[in-house]
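Student: I have a model open and would like to see how its descriptive labels are earned. Could we go through some of them together?

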Amino acid sequence: MKKAAILTMVGYNFGNRLQNYALQQILSRMGYQAETLQRTKDSLITRGKRGLRALLIKDFFSKCIKFNRRINWSRYVVSTQYVSESLEDNYDFFVMGSDQIWNITFDFTTENDFLSMVRPAKKLSYAASFGTSQITEERKEWLAGLLNGIPHISVREEAGQQIVKELTGRDAVLVIDPTLMLTAEEWREMAVAPSDLGKEEHYILTYFLGPEPQKATEDKLKMIREHGWREYHLLDQMNPKSCKAGPLEFLYLIDHADLVLTDSFHACIFSFLFGKPFRVYPREGKETNMLSRIYTLLKMFFLERKFSESGWQDDLLEHDYSAGYEVLDGEREKARKYLESAMEVKNK
């Protein structure tokens with residue numbers, strides 16, 4: 001069996017862990033033994049401590065660690081300053097993505113995130129994100145050289161397409177986030193109910209990675225007054241250890257919410273997949289170019305009305321996504337064809 005290595009960000013984040021799993025599943029279904037490259041050269045003691053924490057402590061970090069057991073981890077490492085020997089010899093392809101794998105505003109992003117040590121014929125990206133719409137002048141030449149070493153480039157937002165075009169003159173393929181390649185039913189089979197939620201309880205799910213915007217607070221209070229629902233606040237940004245949910249609880253909470261209010265890209269994705277009413281707000285304290293991935297998502301699936309700044313005065317509880325689901329079928333096929341072409345896989 002051919003082997004494919006995934007290079008992605010590995011962090012304590014619901015969307016990050018779920019997109020990693022989804023890309024692994026996509027490649028596995030294509031007939032590859034898919035493994036995710038490790039990003040840190042940890043000792044056995046460090047790994048043991050993580051495993052013990054996952055067993056003893058029931059918080060956000062521990063549940064992300066536990067979820068990582070679903071990931072097929074490579075024994076090879078690509079970190080900021082270290083690359084395992086003989087890396088290239090052990091894989092047929094290297095897939096970079098998804099998430100903000102190419103966000104060069106992060107201090108930890110280096111040429112290793114573009115797998116500069118691997119020959120071009122083995123490299124491609126899937127739904128890679130730069131996390132920004134602008135590249136500073138002093139970084140353009142450096143980034144252009146790295147991108148030119150990747151023969152097949154796909155990105156997840158229009159801003160990424162524009163960056164690739166400006167720096168290389170090439171047309172990057174716009175593909176959907178890997179989480180959208182799995183069906184709602186597949187995600188539901190994995191979901192786990194949080195211990196602090198009643199089975200028949202009605203609630204508004206609020207999930208903000210930045211401070212909660214004033215407009216979101218107003219919308220929330222309005223719906224609470226009208227319906228008597230409780231608020232389920234998923235993540236306290238000041239103290240994530242207080243969050244008792246992991247990636248699987250994240251899925252359940254969105255799927256069973258009466259309304260989702262968020263500034264999260266992946267919360268929008270799963271609200272759409274599960275057919276839930278939602279509204280998305282600009283993330284407080286972030287530049288508007290960070291919104292590119294959300295703009296692209298909403299535009300692609302006819303969901304612009306769900307953006308709080310769109311000017312639409314729709315019913316917060318409206319959730320007719322039928323037009324978007326028709327587009328989704330086509331986007332899934334487009335993504336499959338891109339991967340098959342980049343990896344030279346023939347349809348069976």
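**From labels to values**

Tutor: Gladly! Let's begin with helix H10, which is mostly covered, with 7 of its 9 residues buried. Keep in mind that this is a predicted model.

Student: Which residues of H10 are buried?

Tutor: They are Ser292, Arg293, Ile294, Thr296, Leu297, Leu298 and Met300. To be called buried, a residue needs a relative accessible area under 20%.

Student: And what covers the buried residues of H10?

Tutor: The cover includes three helices, H5 (158–168), H9 (265–273) and H11 (322–342), along with strands E7 (173–174) and E11 (278–280). Just after H10 comes Phe302, whose phi is positive, near 55 degrees.

Student: What makes Asn16 count as buried?

Tutor: Set the value against the cut-off: the relative accessibility of Asn16 is 3%, and buried means under 20%. Asn16 therefore counts as buried.

Student: Where is Asn16, and what is it in contact with?

Tutor: Asn16 sits in helix H1. Once neighbours within four places in sequence are set aside, Asn16 is in contact with Met9, Val10, Gly11 and Asp99.

Student: Staying with H1, why are H1 and H8 called roughly perpendicular?

Tutor: Helix H1 (residues 14–29) packs against helix H8 (residues 247–256) at an angle of about 100 degrees, and their axes are 9 Å apart. The range for roughly perpendicular is 65 to 115 degrees, so H1 and H8 earn that description.

Student: Which residues of H1 and H8 meet?

Tutor: From H1 there are Phe14, Arg17 and Leu18, and from H8 there are Pro247, Phe250 and Leu251. Sorted by class, this contact of H1 with H8 has 5 nonpolar residues, 1 charged and no polar ones.

Student: Now for empty space: how many cavities of 30 Å³ or more does a search of the whole structure find?

Tutor: The search finds 2. In the largest cavity there is about 70 Å³ of space.

Student: How do you know which residues line the largest cavity?

Tutor: A lining residue has an atom within 4 Å of a cavity point. For the largest cavity, the list is Arg156, Val175, Ile176, Asp177, Leu180, Phe265, Arg293, Thr296, Leu297, Met300 and Phe301.

Student: Which helix gives the most to that lining, and how do the lining residues divide by class?

Tutor: Our starting point, H10 (residues 292–300), gives the most, with 4 residues. By class, the lining of the largest cavity has 7 nonpolar, 3 charged and 1 polar.

Technical notes. Residues are numbered from 1 along each chain as its sequence is written. This is a predicted model: local features need pLDDT of at least 70, side-chain atom pairs count only at pLDDT 80 or more; totals for chains, interfaces and linings use all residues. Side-chain values use heavy atoms; hydrogens and water are left out. Axes are lines fitted to C-alpha atoms, for helices over the stretch in contact, and angles run from 0 to 180 degrees between N-to-C directions. Helices (H or I, at least four residues) and strands (E, at least two) are DSSP runs, numbered from the N terminus. Angles under 35 degrees count as roughly parallel, over 145 as roughly antiparallel, 65 to 115 as roughly perpendicular and the rest as oblique. Contact means heavy atoms within 4.5 Å. Ala, Val, Leu, Ile, Met, Phe, Trp, Tyr, Cys and Pro count as nonpolar, Asp, Glu, Lys and Arg as charged, and the others, Gly among them, as polar. On a 1 Å grid over the protein atoms alone, a cavity is a set of points where a 1.4 Å probe fits but cannot get out, and a pocket is an open set with protein on both sides within 12 Å along at least five of seven lines; lining residues have an atom within 4 Å of a point. Grid points are joined across faces, edges and corners, and a volume is the space filled by probe spheres set on the points. Buried means under 20% relative accessible area, exposed over 50%, partly exposed in between (1.4 Å probe, protein chains only).
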